[in-house]
Amino acid sequence: ADGRQFRLWEDVLEWMDPGERLRTPVRTSIRKFYVEAPPRRTGMIAPLSGIYLLKPLPDGSTPAIERVPLGSAAALLDRNLYRRRLSDHLGDRSARFGQIARLLATVPIYLFSRSVGVADNPRALDCLEAHWNTGR
């Protein structure tokens with residue numbers, strides 16, 4: 001193990017069954033646990049083949065995946081950027097848009113609408129697998 005850990009809610013742990021990996025509580029007052037991350041893979045890194053932006057739906061809803069049009073994809077990526085305010089403050093907005101444009105030239109953006117209820121996870125996974133198997 002390389003020391004990396006995930007923080008996962010108890011119901012997710014029950015669903016994904018992490019096996020023997022360490023489970024220590026994040027805090028005693030909540031049902032969230034540290035789980036040791038699987039070992040890193042070495043060798044060839046797979047190319048990025050798609051970015052899925054998540055859209056929550058009510059429990060029991062049918063999951064769906066749709067490709068986002070290019071113009072909307074740029075705005076959605078910018079809106080979901082990690083530490084966007086810091087990027088704006090540092091003044092690298094034009095560099096950021098250049099990076100987004102280069103990314104969109106080769107990587108499609110999808111909106112993945114699905115329930116966040118744990119009971120609906122199998123349906124969401126089936127939706128993803130069907131999407132991947134159809135070649136998008």
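Helices (H or I, at least four residues) and strands (E, at least two) are DSSP runs, numbered from the N terminus. The exercises below concern a predicted model, in which local features need pLDDT of at least 70 and side-chain atom pairs count only at pLDDT 80 or more, while totals for chains, interfaces and linings use all residues. Residues are numbered from 1 along each chain as its sequence is written, and side-chain values use heavy atoms, with hydrogens and water left out.

**Exercise 1. Work out how many helices and strands the protein chain has, and the order in which they run.**

Step 1. A count of the elements gives five helices and six strands for the protein chain.

Step 2. Read from the N terminus on, these elements follow the order β-α-β-β-β-β-α-α-α-β-α.

Step 3. For the chain as a whole, 27% of the 136 residues count as buried, where buried means under 20% relative accessible area, exposed means over 50%, and partly exposed lies in between (1.4 Å probe, protein chains only).

Step 4. Taking contact to mean heavy atoms within 4.5 Å, one finds that, among contacts between residues at least 6 apart in sequence, 68% join residues at least 24 apart.

**Exercise 2. Describe how strands 4, 5 and 6 are arranged in their sheet.**

Step 1. Two strands pair if DSSP finds at least two bridges between them, and on this basis three strands form an open sheet in the order 4-6-5, with mixed pairing.

Step 2. Strand 4 (51-57) and strand 5 (64-67) are the edge strands, each of them pairing on one side only.

Step 3. Strand 5 and strand 6 (residues 109-115) are joined in the antiparallel sense over four bridges, and Ala64 stands opposite Ser113 in strand 6.

Step 4. The loop between strand 4 and strand 5 contains Pro58, which counts as exposed at 57% relative accessibility; the C-alpha atoms of Pro58 and Arg114 are separated by 8.0 Å, although these residues are 56 apart along the chain.

**Exercise 3. Find the aromatic pair, and explain why it is classed as stacked.**

Step 1. A pair of aromatic rings is described by the distance of the centres and the angle of the planes.

Step 2. Rings of Phe, Tyr and Trp (its six-membered ring) pair if their centres lie within 6.5 Å, and planes under 30 degrees apart count as stacked, over 60 as edge-to-face and the rest as tilted.

Step 3. By this rule the count comes to one aromatic pair; the rings of Tyr52 and Tyr110 have centres 5.0 Å apart and planes at 25°, so the pair is stacked.

Step 4. Because Tyr52 lies in strand 4 and Tyr110 in strand 6, the pair ties together parts that are 58 residues apart in sequence. Tyr110 itself counts as buried, at 3% relative accessibility.

**Exercise 4. Identify the residues of the largest nonpolar core and the elements that supply them.**

Step 1. A nonpolar core is a set of buried Ala, Val, Leu, Ile, Met, Phe, Trp, Tyr and Cys residues joined through side-chain atoms within 4.5 Å.

Step 2. The largest such core has ten residues in all, namely Ile51, Leu53, Val68, Ala73, Leu76, Leu77, Ile100, Leu104, Val107 and Ile109.

Step 3. At least two residues of this core are supplied by each of strand 4, helix 2 (70-79) and helix 4 (93-104), and the largest share, three residues, comes from helix 2.

Step 4. Ala73 touches Val68, Leu104 and Ile109, when residues up to four places away in sequence are not counted. Apart from the largest core lies another, of six residues, among them Ile65, Tyr110, Phe112 and Leu128.

**Exercise 5. Place Val26 and Ala105 in their loops, and state how accessible each residue is.**

Step 1. Val26 is found in the loop between strand 2 (23-25) and strand 3 (32-36), and with a relative accessible area of 22% Val26 is partly exposed.

Step 2. Not counting residues up to four places away in sequence, Val26 touches Arg7, Lys32, Phe33 and Tyr34.

Step 3. Ala105 belongs to the loop between helix 4 and strand 6, and counts as exposed at 63% relative accessibility.
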